[in-house]
Amino acid sequence: MLAKNMQVVYKMPDALTDVAPTTLPGMTTTSSPRGRDVELQGFPLHMAEMLAQMPGASYIVRRSVHDPGHINQTRKAIKAALKVQLNQAGFSLVEILSNCPTNWGMSAMESMNFLKEQMVPFYPLGDYRIADAVKSLIVK
Amino acid sequence: MTRELWKGNEAIAESALRAGLEAYFGYPITPQTELLEYLARKMPEMKRVFIQAESEVAAINMVYGAAAGGARVMSSSSSPGVSLMQEGLSYIAASEVPVVLVDIMRGGPGLGNIAPTQADYFQLTKGGGHGDYHPIVLAPATVQEAADLTYEAFDLAEKYRCIVIVAADGNIGQMMEPAELPAPRQIDKRDRGWELTGAVGRERRIITSLYMQPEDLEQVNVRLQGKQKQIEQNEVRYQEYLLDDAEYAVIAFGTAARVALTAVKWARAKGIRVGLFRPISLFPFPYARVAELSKKVRALLVVEMNAGQMLEDVRLAARDALPISFFGKMGGTVPFPDDVLPEIEKMVG
């Protein structure tokens with residue numbers, strides 16, 4: 001399983017925030033003080049969509065943690081991905097949309113709402129590839 | 001010019017702008033990030049090119065491209081990021097385009113930490129990437145010197161068409177000190193005969209590092225080595241403190257030299273005739289001057305924020321002429337003068 005934190009902003013130990021691969025277009029960070037300019041800094045990466053196209057990909061999903069229901073779905077997805085790995089059934093990715101209130105300069109609730117209202121529409125949740133061979137491994 | 005309070009990283013960034021920096025490509029990494037962020041704010045206002053690349057690998061290759069186009073260009077990073085850049089730096093060295101790189105060194109090996117060290121000495125001064133080359137490496141000990149050396153680095157890079165690395169540790173990047181920054185200047189944009197500007201009405205030029213015929217690549221290496229000899233003759237920089245009547249000497253660079261100087265002064269107050277030798281150019285290393293010094297004093301103490309890297313160059317220069325002791329702090333711990341004074345006393349015996 002691939003575990004990588006694709007941050008919306010980079011959290012530096014001195015509490016600075018810079019453009020990261022999933023920074024939304026126009027989003028202001030300390031390294032994009034005028035907002036992320038897609039002409040100069042490229043478009044955000046849609047990792048799940050990209051990796052779902054690769055040969056060998058078996059379980060590729062995107063989840064979010066903006067409320068208890070979605071947190072539970074995320075837990076199930078991580079469990080499923082690990083099962084796929086234990087069965088050596090191919091490549092798995094669980095892409096998780098997560099919040100960072102401190103470095104977004106928001107309260108916890110505001111950051112949850114930002115996830116739901118801004119991030120989820122840009123990075124749609126869902127199953128991007130579930131190979132036939134792994135379907136039996138996944139608990140609904 | 002006015003004396004102002006500057007953070008090291010921002011002083012380097014502003015100094016680069018005043019030196020005529022036209023294009024910057026980088027990627028955030030602590031403890032260097034304020035440098036990139038300062039340029040992110042300033043360069044678009046000045047209609048100059050600032051790009052946060054997707055990685056250090058991308059950044060150094062953008063630098064390579066812009067330098068090949070004749071732009072005054074730089075990047076900056078910190079130790080793990082500079083490791084990622086080494087392939088590109090080797091290509092740049094072979095292609096002979098002028099590039100300035102700032103390394104705000106942090107703890108290693110590996111991801112290490114964000115505390116100041118001098119543990120990139122080997123990587124920076126001995127080449128770093130593959131093949132036979134050395135960048136010019138300049139090591140500031142103050143914010144003022146970091147600004148001055150950055151300003152000058154562009155001239156050196158263009159004079160020799162080589163890489164110049166400003167090697168400061170995280171301490172110099174992060175601390176604030178009064179400094180008088182150099183004046184803004186216009187850069188000479190006349191054609192220098194090698195840059196790629198579009199071959200309209202002239203012979204085409206090629207910038208490459210690929211030479212499939214060994215004899216051709218041998219000639220490139222002979223030229224690079226010749227240039228390196230010139231650099232070794234012309235660009236050695238160092239500073240000496242209290243060495244005129246010294247019987248003992250401490251050798252240190254960057255932040256370690258500032259700490260060592262305090263200890264040297266304390267030792268002087270105790271009647272020990274000791275001085276400090278501070279290399280500013282780590283490549284070219286001041287071998288000749290250290291060799292002279294090793295004939296003049298009774299013993300040397302090398303102080304570094306690493307496990308003993310410059311120490312090897314000091315030994316090469318001194319050639320067993322005298323006892324050489326070493327005191328190093330690793331992992332981002334910084335020596336105190338209280339640590340260095342007993343080492344001086346031990347050297348004296």
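This briefing covers chain A's fold and selected local features of chains A and B. The structure is a predicted model. Chain A has five helices and five strands, and an open three-stranded sheet in chain A has the order 4-3-5. Over all chains, the count of salt bridges is 30. In chain B, B:E96 is a recurring residue: B:R223 forms a salt bridge with B:E96, B:K227 does as well, and B:E96 has a positive phi.

**Chain A: composition and surface**

- Read from the N terminus, the elements of chain A follow the order β-β-α-α-β-α-β-α-α-β.
- Chain A has 140 residues, of which 42% are buried.
- Among the contacts in chain A with a separation of 6 or more, 52% come from residues 24 or more positions apart.
- The exposed area of chain A is about 7600 Å², with carbon and sulfur atoms supplying 58% of it.

**Chain A: the three-stranded sheet**

- The sheet with the order 4-3-5 is open, and its pairing is mixed.
- Its edge strands are strand 4 (91-97) and strand 5 (126-130) of chain A, each of which pairs on one side only.
- Direction ignored, neighbouring strands of this sheet are turned by 10° against each other on average.
- Strand 3 (residues 57-64) of chain A pairs with strand 4 of chain A in the parallel sense, over seven bridges.
- A:R63 stands opposite A:I96, a residue of strand 4 of chain A.
- Helix 3 (residues 68-86) of chain A lies across both strand 3 and strand 4 of chain A, and its angle to strand 3 of chain A is about 165°.

**Chain A: a salt bridge**

- A:K135 and A:D132 form a salt bridge through their side chains, with an N to O distance of 2.9 Å.
- A:K135 is partly exposed because its relative accessibility is 49%, whereas A:D132 is exposed because its relative accessibility is 63%.

**Chain B: salt bridges at B:E96**

- In the salt bridge between B:R223 and B:E96, the closest N and O atoms are 2.5 Å apart.
- This pair links distant parts of the chain, 127 residues apart: B:R223 is in helix 9 (residues 214-234) of chain B, and B:E96 is in the loop between helix 5 (86-95) and strand 5 (99-105) of chain B.
- B:R223 is partly exposed, with a relative accessible area of 43%, whereas B:E96 is buried at 7% relative accessibility.
- B:K227 also forms a salt bridge with B:E96, with the closest N and O atoms 2.9 Å apart.
- Because B:K227 lies in helix 9 of chain B and B:E96 in the loop between helix 5 and strand 5 of chain B, this second pair ties together parts that are 131 residues apart in sequence.
- Both B:K227 and B:E96 are buried.

**Chain B: a salt-bridge network**

- One network joins B:R72, B:D155, B:E158, B:R185, B:R192 and B:E195 through salt bridges that share partners.

**Chain B: surroundings of B:S79**

- B:S79 belongs to helix 4 (residues 79-84) of chain B.
- B:S79 is buried because its relative accessibility is 8%, under the 20% cut-off.
- A polar atom of the B:S79 side chain lies 2.9 Å from the backbone nitrogen of B:R106.
- Leaving aside residues up to four places away in sequence, B:S79 touches B:D103, B:I104, B:M105, B:R106 and B:D120.

**Chain B: cis peptide bonds**

- B:T30 and B:P31 are joined by a cis peptide bond with omega of about 5°.
- B:P31 is placed in the loop between strand 2 (23-26) and helix 2 (33-45) of chain B.
- A cis peptide bond also joins B:F283 and B:P284, where omega is about 0°.
- B:P284 is placed in the loop between strand 12 (281-283) and helix 11 (287-296) of chain B.

**Chain B: positive phi outside glycine**

- B:K47, a residue other than glycine, has a positive phi near 60°.
- The loop between helix 2 and strand 3 (49-52) of chain B holds B:K47.
- B:K47 is exposed, with a relative accessible area of 77%.
- B:E96 is not a glycine either, and its phi is positive at about 55°.
- Unlike B:K47, which is exposed, B:E96 is buried, with a relative accessible area of 7%.

Terms used. Residues numbered from 1 in each chain as written. Chains lettered and ligands numbered in written order. Predicted model: local features only at pLDDT ≥ 70, side-chain atom pairs only at ≥ 80, totals over all residues. Heavy atoms only, no water. Salt bridge = Lys/Arg side-chain N within 4 Å of Asp/Glu carboxyl O. Buried < 20%, exposed > 50% of the residue type's maximum accessible area, 1.4 Å probe, protein only. Helix = DSSP H or I, 4+ residues; strand = E, 2+ residues; numbered from the N terminus. Polar contact = N/O pair within 3.5 Å; in protein donor to acceptor, adjacent residues only side chain to side chain. Contact = heavy atoms within 4.5 Å. Pairing = 2+ DSSP bridges. Axes fitted to C-alpha atoms, helices over the stretch in contact; angles between N-to-C directions. Areas by Shrake-Rupley, 256 points an atom, 1.4 Å probe, with all protein chains shown as cover.
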